[in-house]
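Here are a few exercises to work through with the model open in your viewer. Try each one yourself before reading the solution.

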Amino acid sequence: MFLKDISISINKVDNEDKCSGKAKYVADYKLDGMLYAFTVRSSISKGNILTIEYPELPEGYFVVDHKDVTGKNIVKVIFDDMPVFTTGEITYLYEPISLIIGPEKEVLTDLVKRVKISYQEEEPLFDWTDSVIRYHFDKGEGLKAFENEEKIIFDYETSYQEQAYIETQGFIGYPEKDKVTLLGSIQCPYYVKNAVIQALGVDEDKVRIIQTTVGGAFGGKEEFPSLIGCQLAVAIKKINKPIQLIYEREEDMLVTTKRHPSRVHFEAVIKNNKIYGLKAVVGIDGGANIGLSGVVLSRALIACTGAYSIENLDISGDVFKTNTVPNGAFRGFGAPQMFFAIEMFFEHVAKTLGLDPLEFKLSHLAKQNDYTSTMGIFRDPVLMPEMVDKVIKESGYLAKRAQYEKEEFKGIGMSLFFHGCGFTGSGEQNHIKAKVKLKKDKDKVYILIAAVDMGQGVKTSFRKLVAHILDIDIERVIFDNPDTDFVPDSGPTVASRTMMIVGGIVARAAKEVKERFNEESFVVQKQYEQPDYIKYDEATFKGDAYPAYSWGVNVVEVEVDKDTYQVNVKKTWSVYDIGKAIDERIVMGQADGGLAQGLAYGYLEVMKHKQGKIMQKNMTDYIIPTAMDMCPMETYLFDNPYAYGPYGAKGVGELSLIGGAPAVAMAIEQAIKRKVFKIPVTPEYIMELIDNG
Amino acid sequence: MVKSYIPLTLDECLKILNQNEVKIVAGGTDMLIQNRSHTSMPIGFKTDVLYISNIEELKKIYEDEEFVYIGSCCSLEDIMENELVPVLLRDTILEMGSPAIRHTATLAGNIGNASPAGDSLVPMYLLDTLVEVRSINNVRKVALKDFITGVRRIDLNMDELITKVIIPKISYSNGYFKKVGPRLSDAISKLSFAGLYSVSNGVLKDIRFAFGAVNVTVVRRRELEEKLIGKKISEVKEMIEEILKWFEEDIKPIDDQRSNKEYRKKISLKLLRSFIENIE
Amino acid sequence: MAKIKFKLNGEFQEIYTNPSRRLLDVLRDDFNLTGPKEGCGEGECGACAVLMNGEIVNSCSVPFANVINKEIITIEGFSKTKRYEVIKDAFAEAGGVQCGFCTPGMIIATESLLNKNPNPTDFEIKIGLSGNLCRCTGYNLIIEAVKIAAKEGEGLW
């Protein structure tokens with residue numbers, strides 16, 4: 001099969017198995033003699049366990065808790081504040097205390113009910129006052145730009161978002177002599193492996209992690225599975241039997257990581273009708289454990305100027321610790337929160353100055369060779385002006401914007417945004433050090449990487465990439481689900497890095513395979529090589545935070561019901577620059593799906609906690625869009641090849657989620673003629689704004 | 001383990017009811033969720049169960065001069081597609097759940113469940129629906145509004161079964177149902193409103209309003225409606241503010257994970273206002 | 001316990017079991033049919049969808065007692081039909097499969113819809129899919145797939 005242009009779509013390689021029901025997800029596996037694990041959890045938000053009394057266990061039933069941890073009782077996620085099982089301290093409602101394991105679920109249900117725990121309760125903290133990470137950086141004159149100047153000030157708020165993957169979290173595992181093997185619905189096989197090695201205190205050849213088909217992840221299965229994996233591994237080590245630990249939907253919604261709620265305070269100093277200085281104070285709610293919160297905050301702060309160039313900055317942010325469920329990775333990772341805030345801020349500043357918001361934004365648009373917020377440089381062409389022109393042409397934005405200004409309950413909004421592709425700064429070089437292997441064996445070539453296909457089509461796009469470079473039939477390229485016994489650590493499937501970074505290394509390896517193609521069997525291993533130009537200081541937020549940027553524009557048109565204030569999203573138009581599509585149909589699927597999540601983040605998905613308890617704990621109460629709610633979407637791609645990405649590819653996965661919320665919020669703002677300061681813009685919030693306006 | 005009864009005829013069913021204390025399950029879309037246990041475990045019923053969905057006699061839809069009769073175990077989808085059924089009820093069902101839910105859910109279940117947010121109840125109250133209830137020795141007909149006595153409480157004796165829903169045939173000029181949910185399908189209502197009116201020569205011959213999910217049961221006040229009957233349309237429109245006040249007391253929604261009471265109350269009244277404003 | 005006779009994927013079955021089990025569990029645990037999935041356990045997501053007498057139902061919300069004398073078709077059974085081939089090709093052409101967890105349910109929904117309405121409008125397609133949640137695709141490519149299937153499968157439905 002010879003493809004002229006790699007972007008030309010092919011049928012995805014896993015369609016057959018997924019359509020026919022043959023594809024196996026973790027709950028579809030049955031192991032002989034498999035036991036089930038139920039989790040015992042705290043019923044208070046803060047305090048200590050005084051006594052815990054388990055009912056008498058029938059033969060074949062076990063309790064597994066912190067005393068059974070043979071290694072370090074800490075889940076390996078940057079900070080040492082998440083135990084595998086608590087030793088007694090409780091920091092959030094439903095914190096895991098132990099597992100009860102056995103063959104019959106009826107018995108387990110009864111046993112869990114009869115566990116008696118007495119606590120010494122303490123007053124939980126829900127306010128954002130305990131800052132555990134604080135970052136600050138400035139640019140240009142920093143705070144000096146604000147001295148004695150008039151400021152325009154606005155505050156913004158975003159809420160939880162739950163990943164709501166249709167397949168819940170879980171693992172099954174089994175012992176093999178002195179080795180523990182876990183199969184799970186995960187994004188990062190090596191995150192889990194390294195965490196389990198630490199929790200068991202064993203050598204790395206004693207743990208094997210295999211990815212099962214993943215039914216959606218969106219970041220929710222990035223770091224959280226390490227906790228379940230550690231608990232399960234400890235249990236398997238103790239009991240020496242196969243065990244299944246799968247969360248049902250309610251448990252999953254109540255206890256797994258969500259998107260960090262945020263508060264953003266902006267102040268702007270205006271000179272010559274432009275923002276001369278921007279001050280931002282950002283807060284995110286990390287929940288009870290820090291986890292990845294610092295990295296989420298970093299990304300948010302780096303995105304503080306949006307798609308715009310601003311000379312003088314004073315940017316600070318905090319991760320607050322509260323006694324709520326720990327928050328974590330979700331597609332966008334801090335950028336959706338920040339882009340909502342900055343896009344609305346530009347809109348509101350323009351309105352305050354009596355200027356047209358789009359003109360105002362365009363006059364600030366970042367250009368090639370401009371400094372980024374961290375004094376890096378936008379080295380590659382920035383096609384945003386052309387992309388904006390395209391979206392205006394396709395959507396009729398200007399005419400509609402003018403018309404809806406004079407009408408009630410109709411609105412159209414445009415958001416401009418980017419996503420920094422890959423890990424921040426030198427993360428790839430210093431932390432991940434990705435390795436890939438390509439194995440040629442007779443007429444087949446095996447892709448050996450730890451990248452996980454969670455629906456985004458990695459299996460198809462990588463096989464296509466290698467087949468294209470080697471100029472062979474895609475059927476001869478094999479890519480099995482990652483198994484840490486066979487694949488090197490190419491890094492986690494996160495940060496929109498997979499095609500750009502891992503694909504880049506695979507492409508280099510494939511070129512060497514091509515040169516040696518006459519040899520019958522051999523393995524090529526390649527490691528990540530950081531381009532020289534990437535220099536970044538994490539501590540001072542100075543330098544090139546990302547090697548490349550993908551850019552986007554969303555236009556969203558809405559109608560708001562005059563009686564019920566329900567929002568009807570009528571249509572969207574999007575233009576994206578992701579470098580080069582390795583498969584256009586796959587990219588379009590990502591574009592639709594990401595925008596659907598971004599829109600819903602902006603107007604539909606409501607999740608709140610009350611005294612530390614998540615109030616929307618199932619798919620009935622947590623509202624994600626159905627087919628009835630989805631509007632037609634038009635998407636256009638602009639090619640803008642990136643030198644270091646395979647065939648010019650940059651990051652795709654997260655970009656399309658970033659712009660939906662601000663665009664829909666701006667459209668609603670026009671429709672109701674009131675300024676919007678928080679998302680989701682629910683009918684209840686609209687009623688509040690209209691009544692108080 | 002609890003006992004399960006699976007009668008195939010109505011007679012068999014009534015005999016079982018006469019002799020045993022059972023929980024009645026029709027389609028199961030509510031009961032299975034309310035009583036669910038864990039994956040791979042049977043539903044956690046605490047009492048014996050009587051499954052009535054296999055009784056063909058309870059699945060007929062027919063009419064006579066005055067009424068439409070709907071078997072209590074007809075699927076919502078079958079009811080929705082049957083032209084004998086009043087349009088208002090059919091339109092309401094289209095907004096309920098999803099095709100999968102409509103293929104198994106029943107009115108017996110909706111009524112038996114007596115949820116404050118039950119959508120089908122709203123047009124049924126509006127249309128003065130009756131339920132037929134049978135026991136082995138007795139048949140009685142009760143007005144739906146009297147049959148549902150509170151949240152998940154119905155006037156059903158231990159040995160009785162809801163066998164039919166009976167809807168008086170009426171003609172009217174215009175009927176309207178509005179469900180306000182968090183999304184456009186597969187959703188529990190935050191609130192709902194149904195209205196109908198009959199107009200002749202600019203005079204109201206009949207007018208009815210019902211509100212759902214804003215009190216423990218559907219809100220409908222016939223005595224208030226009667227105050228408007230016989231009035232000219234223009235007169236009624238002039239009374240809008242007064243009419244809204246009539247319902248101040250009865251529209252008593254709650255705060256919950258889906259919405260808040262201010263929104264539910266305000267929007268209920270807005271829908272009523274719009275409905276009246278649009279009478280012609 | 002009760003003896004329940006029903007037809008499953010074309011074959012008559014008779015099993016003796018607790019009628020208060022969910023149909024989903026009987027299919028997955030007793031018959032090893034793992035095509036229908038548990039996504040929410042409350043009849044909301046449609047990942048457990050199967051055909052009962054040709055119509056889509058959520059098997060997590062169907063008590064096994066209600067399956068007496070009914071015909072159940074899971075994705076495994078349906079995948080052996082010509083109609084399935086057309087739907088599967090349509091999903092591939094449209095790009096309507098991402099993580100795949102909702103896919104068997106979506107295909108069941110498509111069959112249930114086209115079986116009753118071989119030429120649905122866009123709105124009718126949306127209604128037909130309204131009980132199947134997808135988090136990956138944003139639905140439009142799946143709606144497109146159903147349209148292609150309706151067109152390509154002319155005469156099959």
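Axes are lines fitted to C-alpha atoms, for helices over the stretch in contact, and angles run from 0 to 180 degrees between N-to-C directions. Helices (H or I, at least four residues) and strands (E, at least two) are DSSP runs, numbered from the N terminus. This is a predicted model, where local features need pLDDT of at least 70 and side-chain atom pairs count only at pLDDT 80 or more, while totals for chains, interfaces and linings use all residues. Residues are numbered from 1 along each chain as its sequence is written, and chains are lettered from A and ligands numbered from 1 in the order in which they are written.

**Exercise 1. Work out how helices α7 and α16 of chain A cross.**

Step 1: Find α7(A) at residues 335-353 and α16(A) at residues 660-672. Their axes come within 8 Å and cross at roughly 35°.

Step 2: Get the hand. The crossing of α7(A) and α16(A) is right-handed, and the convention is that the near helix is turned from the far one by less than a right angle, clockwise for right-handed and anticlockwise for left-handed.

Step 3: List the contacts (C-beta atoms, placed from the backbone, within 7 Å). From α7(A) you get P336(A), F339(A), F340(A), E343(A), M344(A) and E347(A); they meet A661(A), P662(A), A665(A) and M666(A) of α16(A).

Step 4: Sort by class. Ala, Val, Leu, Ile, Met, Phe, Trp, Tyr, Cys and Pro count as nonpolar, Asp, Glu, Lys and Arg as charged, and the others, Gly among them, as polar. The contact of α7(A) with α16(A) then has eight nonpolar, no polar and two charged residues.

**Exercise 2. Lay out the five-stranded open sheet of chain A and find what packs on it.**

Step 1: Write down the order, β7-β15-β14-β13-β8 in chain A, with mixed pairing. Two strands pair if DSSP finds at least two bridges between them.

Step 2: Look at the edges. β7 (131-139) and β8 (151-158) of chain A have a single partner strand each, so one side of each is left without a neighbour in the sheet.

Step 3: Check the twist: neighbouring strands of this sheet are turned by 10° against each other on average, direction ignored.

Step 4: Zoom in on one pair. β13 (residues 262-271) and β14 (residues 274-287) of chain A run antiparallel and are joined by ten bridges. Within this pairing, V264(A) has V282(A) in β14(A) as its bridge partner.

Step 5: Add the helix. α6 (residues 293-302) of chain A packs on the sheet and touches β7, β14 and β15 (312-321) of chain A. The direction of α6(A) makes about 165° with that of β14(A).

**Exercise 3. Which elements build chain C, and how is the chain divided?**

Step 1: Count six helices and five strands in chain C. From the N terminus on, they run β-β-α-β-β-β-α-α-α-α-α.

Step 2: Compare with the globule rule (2.2 Å times the number of residues to the power 0.38, with the radius of gyration taken over C-alpha atoms). The radius of gyration of chain C is 15 Å, close to the 15 Å that the rule gives for 157 residues, so chain C is as compact as a globular protein of that length.

Step 3: For the overall extent, the C-alpha trace of chain C spans about 45 × 30 × 25 Å along its principal axes.

Step 4: Split chain C into domain 1 (2-77) and domain 2 (82-152); such bounds come from an automatic or database domain assignment. The centres of the two domains of chain C, taken over C-alpha atoms, are separated by 21 Å.

Step 5: Now the contact between them: 16 residues come from domain 1 of chain C and 13 residues from domain 2 of chain C. On the domain 1 side, β3 (49-52) and β4 of chain C give two or more residues, and β3(C) gives the most, with three residues.

**Exercise 4. How many residues of chain C are in contact with chain A, and which elements supply them?**

Step 1: Take the totals: 40 residues of chain C are in contact with 44 residues of chain A.

Step 2: Go through the elements of chain C that give two or more residues to this side: α2 (75-78), α3 (82-94), α4 (103-116), α5 (122-129) and α6 (140-152).

Step 3: Apply the classes again. The side of chain C that touches chain A divides into 19 nonpolar, 13 polar and eight charged residues.

Methods:
Contact = placed C-beta atoms within 7 Å.
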